[in-house]
Structure formats: structure tokens, C-alpha cells
Amino acid sequence: MKIALIDSGIGLLAAAATVHRLRPDADLVLSGDPASMPWGPRTPEDLTAHALACARAAAAHRPDALIVACNTASVHALAAIRAELEPELPVIGTVPAIKPAAAAGGPVAIWATPATTGSPYQRGLIRDFAAGVEVAEVPCPGLADAVERADSAAIDAAVAAAAALTPPGTRALVLGCTHYELVDDRIRAAVRPRLGPGAPELVLHGSAPAVAAQALRRAGTAPDPDAAPTGRLTVLLSGREEALQPAALAYREGRSLVEAAAARS
């Protein structure tokens, strides 16, 4: 079995690591285009062209399912990717986990890129899945870029700025960009002091678990964490086989994938 994932950069690591935990026997194809990072400021047409190029490069390796592991690409390019690759190749998009976050009631905060915050897309998800729940949209300028560079000081500054905008008493926080899932521990630590004494533990909601599970379902299989760790890792950068970007090794998800691949080589 083979699962492919696309993103401009290393935001796909969280979903890839989750797939690996669920199915250590699955081959993984990670297809990115860091030279075009970030995708957010690009026009929808330009972004779609880059995402399609990544998807085509991944599809050439004949995976059983393809994950668009980027919230922005899922908004603008998912339809085009599906139109070209489905039904032969199931394509799974990434949607912010607003529905499960709102299910327990509010207040809920949604951290997202400035381009996504306040967008019709995100407002539609709030309307559909969080009606009647107190929701705060929190823009996080620079955070995805800082994570992509593994710039620790810039990550801390961006996280602190977003935490300052997060309303006190927030019970659930939606990570509305896949890059943010790589620094969930820093986000939790920064927001915790704003919750107030005696407040329940903040619940973070990323997309990786649901996306990974859906990819396995669409590939016609089920989780098997005890499967033999035989899966191989292929990294494509602008369509060429390369090593995983050095910045990926700053995160536990990237290290786990590289270590697993090294153990099998």
C-alpha cells in the first residue's frame, strides 16, 4: 500500500507521521515544492498550478490515495486535483477541525493564516459546524513561514502574538494550518496562561488524525499500528527525488519518518 501527500513545504509532516503510526507498512510519497512556498499569497490560479504539479508528480508513483495536506491548497485546488486524478486515485482534502472542536461547546479559537482568517471559506465552516458556539478567529501572520524555516525565535514570536489575541477562557483551539500542528506543544504552552486558574486543559484540534484515517479508508484498508515496519519513504521536491528538507528534522514528525526510513535501508 502507498499513500502520497502534497504540500508546498513541510506542513505535510504531521499527516505523514500519523499515517506511518497507523500503518507502518505503508509506503509514503511526500511531494512538495518549497521554491514556491508560501502558497497562501498566490492567486488561486497560480496556487492551483503549483498544487497540480505536486499532485501529478506524486500520482506518477501510483499511490493508493493522495492527501492534499495543506488547508490553503484544499480550499483553492482540491476540485481541480480531483477532476484530473479521480476516480482512479482517491484524493483527500484537509479541512480545519472546527466541527469536533465546536461539538463540546465553546469558546473556540481558530488559528489560521491571515488569508484564511475571516475568509468566506472559514466563515462557512463556522456557520455550518459551530452555530451557536462562541468562536474567535485568530490570524497568525508569519507562523507558517517560521515553522517552514524551523526558525525557533520567529516561531515563538508568532505564537506569542497569536496567543495574545486568543480570548481568555478558550476551551478548544483549532489548528487551521497544517504547519501549526508541528509546534502544537509551543502553542499549548503559550495559550495556557490565558485560560485562567482552575480552567480545564486546553484541547487542540489538528487535522492529521482525521485526514490519515480517511486516506486509509479511501485506499481500501484499515489502521494496523502493529503491522511490520516495512514502508518506504520517497521525497519529491519539484518532482525530483531528494532528501527531506533539513528543517524537517527540527520536528519529531520529520525525525520519526527519517529514522524509520533509515532503519529499513
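**Exercise 1. Place Pro87 in this predicted model and describe the peptide bond that leads into Pro87.**

*Solution.* Start with the location: Pro87 sits in the loop that runs between α4 and β4 (91-92). Next, look at the bond from Glu86 to Pro87: this peptide bond is cis, with omega near 5°. For background, most residues other than glycine have a negative phi, and most peptide bonds are trans. Now move along the chain to the bond from Gly106 to Pro107, which is cis as well, with omega near -5°.

**Exercise 2. Is Pro107 buried or exposed, and which residues does Pro107 touch?**

*Solution.* First find the loop: Pro107 lies between α5 (98-103) and β5 (108-112). The relative accessible area of Pro107 is 17%, so this residue is buried. Then list the contacts, setting aside residues up to four places away in sequence: Pro107 touches Glu134, Gly169, Thr170, Arg171 and Ala172. As a last step, compare sequence with space: Pro107 and Gly176 are 69 residues apart along the chain, and their C-alpha atoms are 16 Å apart.

**Exercise 3. Find where Arg62 and Ser238 lie, and give the phi of each.**

*Solution.* Take Arg62 to begin with. Arg62 belongs to the loop between α2 and β3, and has a positive phi of about 55° although it is not a glycine. With a relative accessible area of 71%, Arg62 is exposed. Ser238 is in the loop between β9 and β10 (240-241), and its phi is also positive, near 55°. At 38% relative accessibility, Ser238 counts as partly exposed.

**Exercise 4. How many disulfides are there, and why is Cys70 not in one?**

*Solution.* Recall that a disulfide is a covalent bond between the sulfur atoms of two cysteines. Here the cut-off is a pair of cysteine sulfur atoms within 2.5 Å. Now check Cys70: its closest cysteine sulfur is that of Cys177, and because the two are 6.7 Å apart, they are too far for a bond. The count therefore comes to zero disulfides under that cut-off. Cys140 is in no disulfide either, as its nearest cysteine sulfur, in Cys177, is 8.5 Å away. Finally, consider exposure: Cys70 is buried at 9% relative accessibility, and Cys140 is buried at 2%.

**Exercise 5. Describe helix α2: what is its span, and what do its buried residues pack against?**

*Solution.* Helix α2 covers residues 44-59, which makes 16 residues. From first C-alpha to last it reaches 22 Å, close to the 22 Å expected at 1.5 Å a residue. The buried residues of α2 include Leu47, Ala51, Cys54 and Ala58. An α-helix has 3.6 residues a turn, so residues three or four places apart point the same way. To finish, look at the partners: the buried residues of α2 pack against several elements, among them β1 (2-6), β2 (27-32), β3 (65-68) and α3 (71-76).

**Exercise 6. Which residues line the largest cavity, and how do they divide by type?**

*Solution.* The structure holds three cavities of 30 Å³ or more, and about 50 Å³ of space lies in the largest cavity. Its lining includes Ile10, Leu30, Val235 and Gln245. β2 and β9 each supply at least two lining residues. By type, the lining divides into seven nonpolar, four polar and no charged residues.

Conventions. Residues are numbered from 1 along each chain as its sequence is written. This is a predicted model: local features need pLDDT of at least 70, side-chain atom pairs count only at pLDDT 80 or more; totals for chains, interfaces and linings use all residues. Side-chain values use heavy atoms; hydrogens and water are left out. Buried means under 20% relative accessible area, exposed over 50%, partly exposed in between (1.4 Å probe, protein chains only). Helices (H or I, at least four residues) and strands (E, at least two) are DSSP runs, numbered from the N terminus. The expected span of a helix is 1.5 Å times one less than its number of residues. Contact means heavy atoms within 4.5 Å. On a 1 Å grid over the protein atoms alone, a cavity is a set of points where a 1.4 Å probe fits but cannot get out, and a pocket is an open set with protein on both sides within 12 Å along at least five of seven lines; lining residues have an atom within 4 Å of a point. Grid points are joined across faces, edges and corners, and a volume is the space filled by probe spheres set on the points. Ala, Val, Leu, Ile, Met, Phe, Trp, Tyr, Cys and Pro count as nonpolar, Asp, Glu, Lys and Arg as charged, and the others, Gly among them, as polar.
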